[in-house]
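Visitor: Hi! Could you walk me through this one before I set anything up?
Guide: Happy to, let's look at it together.

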Amino acid sequence: MKVTILDDYFDTIRTLDSFRKLDGHDVKIWNDYVQDVDALTDRLKDTEVLVLIRERTKIRTPLLERLPRLRLISQRSVYPHIDIGTCTDFGIVVSSSQHPGAPCYAAAELTWGLTLAAVRQIPQQMASLKAGNWQIGVGSTLRGKTLGIFGYSRIGRAVAEYGKAFGMIVKFWAREASMAQARSEGYATAASKQAFFEESDVLTLHMRLVDATRGIVTAADLARMKPTAVIVNTSRAPLIEPGALVAALKAGRPGMAAVDVFEEEPVLDTNHPLLKMPNVIATPHIGYVTREEYETQFVEIFDQITAYQTGHPINVVNPDVLTSAKLRQ
């Protein structure tokens, strides 16, 4: 089959051991980022299988309408960037493993790296030194401080273990069923959402972006945080109410932010407000970008292609398409 892989920025996919799973297929890999529908149509006009790297490119109806040969979209994790209903109507199978096993340790490790970088001002201190200056200020110690983790997820639990290893007081906030599970597994939970934001010295977000979680962190929540606190987001930017984070940082509550995610990506404008703020550390959505994590992800993505080719697709998120007379052959 003709397979196209989009947005492989560093031409990494062909170097993975798992890439051998595509032996025998006609594979085209694109290393740049394009969202223009005309340009994508030209690139994908002969594509039968489209491989996506997370949510880098939006696959919307105006594009899908112009791809009559597309039969399968194979990716991993959530899929808010794909018009699933249109795929079903057009007979396109969407396979996306929800990886129910181990957490993404790469994202958990980056969360902790950003936490340390923020509280010790590591990027700012490095910039000062390289500019011919010495120390620029005094950082904070994590031991004895409160680590608030919003969302009782696999990644959140991994971050909790890092916090415990650093001598922090770990508290969770989540939906009631998740908090009950957290308590049953020996973790403390906050008395209320208000207390959670008021008490956290470091507050990290670890939940999926769905309708119920969009904007779940409000401007009022952020205003309750300590002026010495840091909020860390390696999950999804729209978990925070639009515009609330920039306004809160300008107001001084919380005092710092460390972010790996943005409302619109990629961010190529150096005038983006978060990039201009001295109390923000920002990275370009690299939470899952490690060779080990890529191997884990693409084994599943390529196995989904093999399963489809054998007539037994797996991890199908639009199962109605399998009984549709419109299923593309």
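What follows is a chat about the fold, the salt bridges and the backbone of this chain.

Visitor: What kind of model is it, and how are residues numbered?
Guide: It is a predicted model, where local features need pLDDT of at least 70, side-chain atom pairs count only at pLDDT 80 or more, and totals for chains, interfaces and linings use all residues. Residues are numbered from 1 along each chain as its sequence is written, and side-chain values use heavy atoms, with hydrogens and water left out.

Visitor: Cool. How many helices and strands are there?
Guide: The chain has 11 helices and 12 strands. Both are DSSP runs numbered from the N terminus: H or I with at least four residues for helices, E with at least two for strands.

Visitor: Why call the chain as compact as a globular protein of its length?
Guide: Its radius of gyration is 22 Å, close to the 20 Å from the globule rule for 329 residues, so the chain is as compact as a globular protein of that length. The radius is taken over C-alpha atoms, and the rule is 2.2 Å times the number of residues to the power 0.38. Along the principal axes, the C-alpha trace spans about 60 × 50 × 35 Å.

Visitor: What share of the residues is buried?
Guide: Buried residues make up 49% of the 329. Buried means under 20% relative accessible area, exposed means over 50%, and partly exposed is in between, using a 1.4 Å probe and protein chains only.

Visitor: And what about the contacts?
Guide: Among contacts with a separation of 6 or more, 63% are between residues 24 or more positions apart. A contact here means heavy atoms within 4.5 Å.

Visitor: Let's switch to charges. How many positive and negative side chains are there?
Guide: There are 37 positive and 37 negative side chains, and the centres of the two sets lie 4 Å apart. Lys and Arg count as positive, Asp and Glu as negative, while His and the chain ends are not counted. Each charge is placed at NZ of Lys, CZ of Arg, CG of Asp or CD of Glu.

Visitor: How many salt bridges does that give?
Guide: The count is 20, with a salt bridge being a side-chain nitrogen of Lys or Arg within 4 Å of a carboxyl oxygen of Asp or Glu.

Visitor: Which parts does the Arg236 and Glu55 bridge tie together?
Guide: The side chains of Arg236 and Glu55 meet at 2.4 Å, N to O. Arg236 is in the loop between β10 (230–233) and α10 (244–251), and Glu55 is in the loop between β3 (49–51) and α2 (61–64), so the pair ties together parts 181 residues apart in sequence. Arg236 is buried at 13% relative accessible area, whereas Glu55 is partly exposed at 22%.

Visitor: Any others worth a look?
Guide: Asp32 forms a salt bridge with Arg43, with the closest N and O atoms 2.8 Å apart. Asp32 sits in the loop between β2 (26–29) and α1 (37–44), and Arg43 in helix α1, 11 residues apart. There is also a network of salt bridges linking Arg76, Glu293 and Glu300.

Visitor: On to the backbone. What is the phi of Ser77?
Guide: Phi of Ser77 is near 80 degrees, a positive value in a residue other than glycine. Most residues other than glycine have a negative phi, and most peptide bonds are trans. Ser77 lies in the loop between β4 (72–76) and α3 (84–89), and it is buried at 5% relative accessibility.

Visitor: What does Ser77 touch?
Guide: Leaving out residues up to four places away in sequence, Ser77 touches Arg54, Ser96, Ser97, Gln98 and His99. Arg54 also has a positive phi, about 50 degrees, although it is not a glycine. Arg54 is in the loop between β3 and α2 and is buried at 13%.

Visitor: Where are the cis peptide bonds you can point to?
Guide: One joins Arg253 and Pro254, with omega about 0 degrees, and Pro254 is in the loop between α10 and β11. Another runs from Glu265 to Pro266, with omega near 0 degrees, and Pro266 lies in the loop between β11 and β12.

Visitor: Which residues of α10 are buried, and what covers them?
Guide: The buried residues are Ala244, Leu245, Val246, Ala248 and Leu249. Their cover includes α9 (219–223), β10, β11 (256–259) and β12 (280–282). After α10 comes Gly252, with a positive phi near 90 degrees.
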